[in-house]
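I opened this notebook to keep track of what I looked up, going from the chain as a whole towards its interior.

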Amino acid sequence: MARKNDAFYFDGFRDSAGKALEAARLLSDVMHDYDPAHLRERMEQMHRIEQSADEIRHHMMDELVTAFITPFEREDIASLSSTLDDVTDRIEGVLSRLYYDNVLDMRPDALQMVDMMVHSCERMGGLIEELPRFKRSKTLREHVFSINKIEEDADHLFVKAMRTLHTTCDDPLQVFAWHEIYMHLERCTDDCERVADVVDGIVMKNS
């Protein structure tokens, strides 16, 4: 069981992962029920999530500066907090690109990619939930492996989607726009994998 004064950090990590999942589900909703006319409104909703995630991270960093006891090394706490925040930032970036690249129609493979991203964020949340009891958790490694597998599958889908885009789309502006969007969708799963890597490192150092 985590010491009582450790709970602040573990709660912060859990809240940060929750914001990433909230952002992922919002992006998924936007893309699965795509309506360009409502993108601006949805961007404002996404930005509120991103700001809340930033506040969680800033509060953790403020406390870390003056903390006497921490559950593991300060550098690892800062790294995990930052990496979790990067996931939410990246998801917001996808939605921004749909808006300013003036994407009018959704592509089926993009929906597959956003579904993978949501699944990765769900598994990331499960991983963070297990972090306070990492020394005896029976599922933490399972979450890490699952996130790694999703990232690998997303890489394969990314290559296939890019190939289809560049061989079937005749509009250079749309090729450019979707090139960026696919890149950022794939990087969302990369960012989730980075969270898993940081957690893996923390576990190895503290076991």
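I began with burial, and in this predicted model I found that buried residues make up 51% of the 207 residues in the protein chain. I then looked at the surface, where the protein chain exposes about 10500 Å², with carbon and sulfur atoms supplying 51% of that area.

Next I looked up the secondary structure, and I noted 6 helices and 0 strands in the protein chain, so that I could write the order of elements from the N terminus as α-α-α-α-α-α. The radius of gyration is 18 Å, close to the 17 Å that the globule rule gives for 207 residues, so I recorded the protein chain as being as compact as a globular protein of that length. For the extent of the C-alpha trace along its principal axes I wrote down about 60 × 30 × 25 Å.

Which residues have the most contacts inside the largest nonpolar core? I found that this core has 67 residues, and that Phe13, Leu27, Leu80, Ile91 and Leu98 are the ones with the most contacts inside it. Each of the helices H1 (7–32), H2 (39–66), H3 (74–100), H4 (108–130), H5 (140–168) and H6 (172–206) supplies at least two residues of the core, and the largest share, 14 residues, comes from H6.

I followed Ile91 further and, leaving aside its neighbours within four places in sequence, I listed its contacts as Ala20, Ala23, Ala24, Leu27, Met46, Met117, Cys121 and Cys188.

Last, I checked the charges: the protein chain has 25 positive and 42 negative side chains, and the centres of these two sets lie 6 Å apart.

Definitions and conventions. Residues are numbered from 1 along each chain as its sequence is written. This is a predicted model: local features need pLDDT of at least 70, side-chain atom pairs count only at pLDDT 80 or more; totals for chains, interfaces and linings use all residues. Side-chain values use heavy atoms; hydrogens and water are left out. A nonpolar core is a set of buried Ala, Val, Leu, Ile, Met, Phe, Trp, Tyr and Cys residues joined through side-chain atoms within 4.5 Å. Buried means under 20% relative accessible area, exposed over 50%, partly exposed in between (1.4 Å probe, protein chains only). Helices (H or I, at least four residues) and strands (E, at least two) are DSSP runs, numbered from the N terminus. Contact means heavy atoms within 4.5 Å. The radius of gyration is taken over C-alpha atoms; the globule rule is 2.2 Å times the number of residues to the power 0.38. Accessible areas come from the Shrake-Rupley method with a 1.4 Å probe; for residues, only the protein chains shown count as cover. Lys and Arg count as positive and Asp and Glu as negative; His and the chain ends are not counted. The place of a charge is taken as NZ of Lys, CZ of Arg, CG of Asp or CD of Glu.
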